[in-house]
Structure formats: C-alpha cells, structure tokens
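Me: Hello! I am new to this one and would like to understand the words people use for it. Could you show it to me?

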Amino acid sequence: MVHFVGAGSGAADLITVRGKKLLEEADVIIYAGSLVNPQLLDYKKEDCTVYNSAKMTLEEVLDVFFESEEKGLTTVRLHTGDPCLYGAIREQMDVLDEKKIQYDYCPGVSSFSGAASALNLEYTLPNVSQSVIITRMAGRTPVPEKEEIASFAAHQATMVVFLSTGMLEKLSERLIAGGYTADTPAAIVYKATWEDEKAFVCTVGTLAKTAAENNITKTALMIIGDVVSHSHYDRSELYNPAFTTEFREATELI
C-alpha cells in the first residue's frame, strides 16, 4: 500500500492526525526534502527507511514503490502542503493504477492556507471577493494559454500565485495588463508557518521591489486583491440578527 500524505505548509504540528499516524506506521517514507519540514521525520519508527525525493527522478521514486510492494511494506509518499496543488501526484498514481498497486491520499494544510494565517487574512470578504484563483506564472512547466495571468486578473478576484517569486516584475506587468491597478493591495509570504516565516504587505506595483528589499528569492506566495487591506467589506449575513437560518429566527434589524 502507498499512502500519499500532505505534510502541511511547514510547521511540523500542522500535519493532520491521520497523516501523523501514517508516518508512524510507515516502513518506507519518500519525502520531498527540498520543501518538507524534516522535523516530520521524528514521527517515523526506528526501522523505517527514508528517501529524499529532492535527489530522485520520478522513475527512481516508482522503483522504491515497486520494491516496497514486493516486500509487502507500507510506503508513505510525503509531499509538501496539500499535494493536490502542484504536487505531481497524478503521474505517480497513474503508474500505480497500471501496476494494480493500491494507494490512497491524505490531504494536508496547503501553503495558501498557511499564507492566510501569516496575515490573519480572510480570502473571501463579502462585497469584496467571493472567489480565490490559485495559479502560477509560466516557467519550466508551461501554463495553458487560456490561464495566462492577465486573463485571470480581469476577474478582479483574490489571486494566490505559487512558484513565481523569481518573476515578480513580469507578474506585476501581467496583473496590471489584466486589470489590476498598480496600487492594488498585495502581499508576499515567505515560508508560511515555518519558524522563519516572513510576511510583507505591499502593492501590485511594488512586488519585485518588496521582495528585493527583503532578500526574498524563492519559497514564497504572492496574494493579490483588496482582501489584503480588508479596509472595507460587508458583515456576514449568516450572523446578522435580522437573518433567519435553519437554526434560529431573526430577532432584530441591523
């Protein structure tokens, strides 16, 4: 059996209870060493074999799966954050399907949730934004043309941009081309929920300048939109005394 486990956004105690249990029971752990907090390996049992996938190819990872299965061992593939986002898990699962090897997937706390916690931020403020676009700039891995940053910017929704810290001047350019103004609130969150986490509030036009001034070159998320400033929004109707729900009657007008 292979368990794909989300390691969480950084802090070792943000792994799920289920994920921790799977780590404790694993005979083999393959972890993304470039991004996963190594403190999570403290949960493993003494005779567990550990592989760092940062130094491995996909084929080498698959070979470990196959070898473990032949020996009747339980393997945990430990990915950063929640592996459904930029986790490259589908290509592993497809091969396991072909080989008829059983697997499952334990979700984790995504770094975009961790980034919100760094700023005490709510991504969906009433009458400001009710949608979150999670995307990235095109790099070594291309982005479909229909998902180019400027086309998403036209929606003026909250945007969370992964894997683009080295392209912030270009990011600002494409955001402005799509409809955001240069003074639209923005934020950069470096290593969300890690001990050395840093968060900086800026604007779309000052993303690159802010990163350069603070020596941020990688491992950061960018958040774009008016929710960053949270200076104006409507209160929730759900908790409005004038609003009737399935569980309570309206009591007064606000």
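Reply: Gladly. Lys 99 lies over the face of Phe 66, at 5.4 Å from the ring centre. This is a predicted model, in which local features need pLDDT of at least 70, side-chain atom pairs count only at pLDDT 80 or more, and totals for chains, interfaces and linings use all residues. Residues are numbered from 1 along each chain as its sequence is written, and side-chain values use heavy atoms, with hydrogens and water left out.

Me: What makes Lys 99 count as lying over the face of Phe 66?

Reply: A charge sits over a ring if NZ of Lys or CZ of Arg is within 6 Å of the ring centre and within 35 degrees of the ring normal. Lys 99 is at 5.4 Å from the ring centre of Phe 66, so the distance part of the rule is met. Lys 191 likewise lies over the face of Trp 194, at 4.3 Å from the ring centre.

Me: Why is His 79 called buried?

Reply: Buried means under 20% relative accessible area, exposed over 50%, and partly exposed in between (1.4 Å probe, protein chains only). His 79 has a relative accessible area of 7%, so the word buried fits.

Me: What makes a polar contact between the side chains of His 79 and Gln 92?

Reply: The term asks for a pair of N or O atoms within 3.5 Å; within protein, one must be able to donate a hydrogen and the other to accept it, and residues adjacent in sequence count only if both atoms are side-chain atoms. Here the distance is 3.3 Å, so this pair falls inside the limit.

Me: Why is the pair of Phe 4 and Phe 65 called edge-to-face?

Reply: By the ring rule the count comes to four aromatic pairs. One of them joins Phe 4 and Phe 65, 6.1 Å centre to centre with 80° between the planes. Rings of Phe, Tyr and Trp (its six-membered ring) pair if their centres lie within 6.5 Å; planes under 30 degrees apart count as stacked, over 60 as edge-to-face and the rest as tilted. Hence both values fit the name. Both Phe 4 and Phe 65 are buried, and ring pairs link Phe 4, Phe 65 and Tyr 103 into a cluster.

Me: How do you know that the buried residues of H6 are on the same side?

Reply: In helix H6 (residues 168-178), a DSSP run of H or I with at least four residues, numbered from the N terminus, the buried residues are Leu 168, Leu 171, Ser 172, Leu 175 and Gly 178. They cover an arc of only 130° around the axis, which puts them on the same side of H6. That arc is taken from the directions from the helix axis to the C-beta atoms. The face turned away from the buried side carries the exposed residues Glu 169 and Ala 177.

Technical notes. Helix = DSSP H or I, 4+ residues; strand = E, 2+ residues; numbered from the N terminus.
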